[in-house]
Every structure is written in structure tokens, then in C-alpha cells.
Amino acid sequence: MRMLKRFAAAVLALAAIAAVLAGCGGAESAEIRVGGMKGPTTIGMVKLLSDSDAGEGSVSCEFTLAGTADELTPKLVKGELDLAAVPANLASVLWNKTGGDIVLLAVNTLGVLYIVDTGETVQDVADLKGRTIYATGKGSTPEYTLRYVLEKNGIDPDSDVTIEWKNEASEIVALLAVGEGIAMLPQPYAASAQSKIDGLRIALDMTAEWDALGTESKLITGVLVGRREFVENNPKAVSAFLDAYEKSIGYSKENVSEAAALVAEYGIVGAEIAEKAIPYCNLMYMDGGEMKAAVSGYLEVLYDSNAASVGGALPDDGFYYER
């Protein structure tokens, strides 16, 4: 009888240990479905993805690469993705549309927009007046950035310039190649255009122009968001992902050639272009209070300019995820 009791106690002890181990490791072992776009917001993620595919590192990911944010957002809202790297203003729009079901986890990219031309005609923002500017990203960060910088420099974006919005950067490159106008392009597309068009130069760095306005806000291009249900149910997995993401962004900044090879491997852009573009992509990891201060300031600027750009209302504190 005594031996039976000892045996039962041993079984219970082993069960308890198994439960503790499961509790410690279960969240981290969850496979995370992540979405990203062909551009800077995914360039910082490539080392994390490479490690995951190799079975190394602390996270396991199933990755979906898309050409535009419009391809990712339905998947995120429907629960087909857990996390996604998206434009900063879109994160706020999704928060509003879903009634707070989307939360902001981290900033991954600051400003990546550049005015390019084939001459020396653009030296400052004032030189944009009266010009035709080709750009992509209508209804997203590029449009609001361009309009804000123009307005704050005394240029009416609706009457003092002609902004022609294109769906693909390749359309703009074709126009620039025959000497048509000037353009605002994000990296790595600006670097790609420079590789194809002799004499094409970066005339204005829109991040520098934004900073020159002296506001408290930062120009933010890309952020990482997640479904609230997934994030709240898997805090350890999310924390492990964020740690790996921060290291991955650091890797891309510090190991440009190696990161460029991975960028090409994941079909984002060719290695040669990526190597030229990465130093201009303003890759940056921010979370917690630093993220909240930077993003809330940026969204306030957008809201004051056009409330629809952030979904009609500024997010409350519940939007900003704290580990």
C-alpha cells in the first residue's frame, strides 16, 4: 500500500513537472503567421525569417509576402495572419475599423521617401512648385507625407503642383527614363530607378524635410501590428518574436551585404539594389513607450491634416501594446 502511494505521488510529480514545462515552452513554440510587403518593412525581417526557415532562433514563422498592403489586411482581419508589417497610418485605420481588434506592436521603419530627378532643378521644397510629381501610395503614408511637407512649406498640393499617382513604381521609372517630370519614390525603388536611369539623383530626403519642420513627431513608414486575440493569448510567443525582430533589424543595418542576399532570396528585390538601398531605408526598431510617443505624434499630424488618413479617430492607449 505504501509503495502504491509512493508510485502515485511520483506520477503526480512528473505530471506537475510536465505541466510546468509545457507552460514555459508552449507559447514560444507557437507558429506565427506573419505577413509583409515587398519593401523596407520586410527588409528588416529577413534574418528572422531565414533563421525560422532553418529551424534556428527562438521563433517559428509561416511567412506571406505581398505586393501591397491591400493583400495583407483582409487576411489579418479574417484571422488568416497573426502579425503583419503595414504602413503606420493603416495600423490606425485597422484599429478603428475593427473596433480595437488590431494592436500596435513595434515600429520597424522610419522615413523611406525621396524626391528624385534627372537634373539639378530641385534643390529644396520650394522648387517643387509648378512641377509634376509622380508617386505611388495614394491614400497611404506617401500621400500624407508629401501633402504635409508641401503645405508646411507654403505649397498647395491641390493647385501649386500636379501629383500623378501610379500603381507601380515601374510605371514611374518608365516615365523618368524618357525625361518626364520628377518623382517621389520609396526605397528600395529609388535605388532601383537610379540603377536604370543615368543621372537620376536623390534631390530631397523627405525624412529630413519632415524633421526640418521642427515638430515633435517622427516620420514613420512601417509598423508591426497583430490581432489582439492572438497577442493576448500568446504573450510569450509575441515577446520572443519581438526580440528576434529587433535583432533581425539590427542585423540588416549592420550586415548590409549579407542582408541584401537574404532580401533577394525572399523575392523582395535584387541583392544589388538591396545593398544600395538598405542604408537609406531608415530601418529602426521601437516598442513600448518610445513607440507610443513616436507613433502617437505622427498620427496626430496626419489626423490634423486629414482625419480619414488615420481612420477618422486617433487610437486610445489600448492600441499601443506593452509587454
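Which residue in β3 is the bridge partner of Gly35?

1. Ala84 is that partner: in this predicted model, Gly35 bridges to Ala84 of β3. The two strands involved are β1 (residues 31–37) and β3 (residues 83–87). They run parallel and are joined by 2 bridges.

2. The wider sheet is open and has 6 strands. Read across, the order is β2-β1-β3-β10-β4-β11. Pairing is mixed. At the edges lie β2 (60–66) and β11 (283–286), each paired on one side only. From one strand to the next, the twist averages 25 degrees.

3. Helix α5 (residues 88–97) packs on this sheet. The helix touches β3, β4 (102–110) and β10 (220–227). Its direction makes about 120 degrees with that of β3.

4. Now the interior. In soluble globular proteins, nonpolar side chains tend to be buried together. Here the largest nonpolar core has 54 residues. Leu104, Ile115, Leu128, Ile220 and Val223 have the most contacts inside this core. Helix α14 (residues 288–305) supplies the largest share, 7 residues.

5. Ile220 deserves its own entry. Leaving aside residues up to four places away in sequence, Ile220 touches Ala88, Val107, Thr109, Leu110 and Thr141. Ala294, Val295 and Tyr298 complete the list of its contacts. The element ranges place Ile220 in β10 (220–227) and Ala88 in α5 (residues 88–97). Ala294, Val295 and Tyr298 fall within α14 (residues 288–305).

6. Another core, of 43 residues, lies apart from the largest one. Its members include Leu224, Val256, Ala259 and Ala260.

Terms used
Residues are numbered from 1 along each chain as its sequence is written. This is a predicted model: local features need pLDDT of at least 70, side-chain atom pairs count only at pLDDT 80 or more; totals for chains, interfaces and linings use all residues. Side-chain values use heavy atoms; hydrogens and water are left out. A nonpolar core is a set of buried Ala, Val, Leu, Ile, Met, Phe, Trp, Tyr and Cys residues joined through side-chain atoms within 4.5 Å. Buried means under 20% relative accessible area, exposed over 50%, partly exposed in between (1.4 Å probe, protein chains only). Helices (H or I, at least four residues) and strands (E, at least two) are DSSP runs, numbered from the N terminus. Contact means heavy atoms within 4.5 Å. Two strands pair if DSSP finds at least two bridges between them. Axes are lines fitted to C-alpha atoms, for helices over the stretch in contact, and angles run from 0 to 180 degrees between N-to-C directions.
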